Amino acid sequence: MDYNQFFNAALNRLHDERRYRVFADLERIAGRFPHATWHSPKGQRNVVIWCSNDYLGMGQHPKVVGAMVETATRVGTGAGGTRNIAGTHHPLVQLEAELADLHGKEASLLFTSGYVSNQTGISTLAKLIPNCLILSDALNHNSMIEGVRQAGCDRQIFRHNDVAHLEELLIAAGPDRPKLIVCESLYSMDGDVAPLGKICDLAEKYGAMTYVDEVHAVGMYGPRGGGIAERDGVMHRIDILEGTLAKAFGCLGGYIAGKAAVIDAVRSYAPGFIFTTALPPAICSAATAAIRHLKTSNWERERHQDRAARTKAILTAAGLPVMSSDTHIVPLFVGDPEKCKRASDLLLEEHGIYIQPINYPTVAKGTERLRITPSPYHEDGLIDALAEALLQVWGRLDLPLHRKPLAAE
């Protein structure tokens, strides 16, 4: 039997649906972010990255790099095993304490990625609650969806950020049934924010637990970088906060934080935690350095918001279809998967600008877009060059503008 036929058929379906993904071979340059080297089919080229989740450029911060190098030199590279088998090293213990403090919680628990912390965290929590009903936002990330599915318990989906619909479902569930509300604080494709205060009000009124994914907000919002929940003054009202070390903190890993008993129960029962190797010491030290720095430094957050606002203003003034967003996410509407991919290719090949296309299933069909994420290090000249390049690409692909750009009038 030719088993390869099944895989080729699957790949052909992706090509036919215009959602086969191609990765750019990029090499970041420490100290020069957002500049990078693109190892293209025609050789090395200098490019500017406009879509990185290293939102604050902490992946190149001297404190973070220094902590990683110092720890690797002092104790070596790998963790040496699972948490149970020699993998609970001191830098990891320090990092978990730092994360618990960041969110004002009794304890935290590290996972190998933000995806795993959601997938195994949600499923384990729900399995430990008899007859649990999960109420999940319609636009939750795939990692949360998988966590809900793997919980194996009843689930209901409430319309995105619709607290009236959520309340209807809570009332229908009844006062005696255990309920777990899972949502994100900041949705990374549209850049919109959950009404966390109202969700907490409903959870308290109807006796539900709350689980909030802050991966696109930790480090960037709140006076100490605790996220949207800290910014909105509701962090103490949320039962479990989930975050990542791979975005604003510039490292790797995911975590949950909450009451000691809750965290200990997940630690004791979660397969995705128990049976995987612990994060390396150098990664943990680097993440701790990033968190400590951002707890006291507001420059990165303020500069980040300034750059995002200027990028939106310049692109909007050029007539480009910037989708509404109150956060640092700058989505640029395309609405066609083929043209979205082509726009990304043209930007990279002809303008040295890398922005990956966002197509289905990451976003709904017909809402394809370029997702732009300015950092504190995107200077005015880079923003102006981005606008000029996008206008040229939009013209090449006959994509609509909101109005005729002033420069062409």
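What follows is a conversation about reading the sheet, the packing and the local geometry of this predicted model.

Trainee: Let's start with the sheet. How many strands does the open sheet have, and in what order?

Mentor: The open sheet has 7 strands, in the order S4-S10-S9-S8-S7-S5-S6, and the pairing is mixed.

Trainee: And which strands stand at the edges?

Mentor: Those are S4 (107-111) and S6, each with a single partner strand, so one side of each is left without a neighbour in the sheet. From one strand to the next, the twist averages 20°.

Trainee: How do I read the pairing of S5 with S6?

Mentor: Count the bridges and check the direction. S5 (residues 133-137) and S6 (residues 154-158) run parallel and are joined by 5 bridges. To find your place along the two strands, look for leucine 135, which stands opposite glutamine 156 in S6.

Trainee: What about S5 and S7?

Mentor: Parallel again, over 4 bridges, with S7 covering residues 179-184. Here isoleucine 134 has leucine 180 in S7 as its bridge partner. One general idea helps when you look along a strand: in a regular strand the side chains alternate between the two faces of the sheet.

Trainee: Which helix makes a β-α-β unit with S5 and S6, and what is the hand of that unit?

Mentor: Helix H6 (residues 142-151), and the unit is right-handed.

Trainee: Which strands does helix H7 touch?

Mentor: H7 (residues 163-173) packs on the sheet and touches S5, S6, S7 and S8 (208-213). Its direction makes about 155° with that of S6. Compare that view with helix H4 (residues 90-102), which lies across S4 and S10 (254-258) and runs at about 125° to S4.

Trainee: Now aromatic pairs. What do I look at?

Mentor: A pair of aromatic rings is described by the distance of the centres and the angle of the planes. A search of the whole structure finds 3 aromatic pairs. Take tryptophan 299 and tyrosine 377: the ring centres are 6.0 Å apart and the planes are at 50°, so the pair is tilted.

Trainee: Where do tryptophan 299 and tyrosine 377 lie?

Mentor: Tryptophan 299 is in helix H13 (residues 299-317), while tyrosine 377 is in the loop between S14 (369-372) and H15 (380-396), so the pair ties together parts that are 78 residues apart in sequence.

Trainee: Are those two buried or exposed?

Mentor: Somewhere in between. Tryptophan 299 has a relative accessible area of 44%, which makes it partly exposed, and tyrosine 377 is partly exposed at 25%.

Trainee: What sits over the ring of tyrosine 360?

Mentor: The charged end of lysine 365, at 4.8 Å from the ring centre. Tyrosine 360 is worth a second look, as a cis peptide bond joins tyrosine 360 and proline 361, with omega about 10°. Proline 361 is in the loop between S13 (357-358) and S14.

Trainee: What should I expect of a backbone in general?

Mentor: Most residues other than glycine have a negative phi, and most peptide bonds are trans. Another cis case here is the peptide bond from phenylalanine 33 to proline 34, with omega near 15°. You'll find proline 34 in the loop between S1 (26-28) and S2 (35-40).

Trainee: Which residues other than glycine have a positive phi?

Mentor: Among them are asparagine 161, with phi near 55°, and aspartate 398, also with phi near 55°. Asparagine 161 is in the loop between S6 and H7. Aspartate 398 lies in the segment after H15 and is exposed, with a relative accessible area of 64%.

Trainee: Let's end with two helix residues. Is cysteine 200 buried or exposed?

Mentor: Buried: its relative accessible area is 2%, against a cut-off of under 20%. Cysteine 200 is in helix H8 (residues 196-206). Leaving out residues up to four places away in sequence, cysteine 200 touches Val234, Arg237 and Ile238.

Trainee: And where is glycine 66?

Mentor: In helix H2 (residues 62-75). At 35% relative accessibility, glycine 66 is partly exposed. Sequence distance and spatial distance are separate readings: glycine 66 and serine 285 are 219 residues apart in sequence and 9.4 Å apart in space, C-alpha to C-alpha.

How values were computed:
Residues are numbered from 1 along each chain as its sequence is written. This is a predicted model: local features need pLDDT of at least 70, side-chain atom pairs count only at pLDDT 80 or more; totals for chains, interfaces and linings use all residues. Side-chain values use heavy atoms; hydrogens and water are left out. Rings of Phe, Tyr and Trp (its six-membered ring) pair if their centres lie within 6.5 Å; planes under 30 degrees apart count as stacked, over 60 as edge-to-face and the rest as tilted. Buried means under 20% relative accessible area, exposed over 50%, partly exposed in between (1.4 Å probe, protein chains only). A charge sits over a ring if NZ of Lys or CZ of Arg is within 6 Å of the ring centre and within 35 degrees of the ring normal. Two strands pair if DSSP finds at least two bridges between them. A crossover is right-handed if, with the strands pointing away from the viewer, the path from the first strand over the helix to the second runs clockwise. Axes are lines fitted to C-alpha atoms, for helices over the stretch in contact, and angles run from 0 to 180 degrees between N-to-C directions. Contact means heavy atoms within 4.5 Å.
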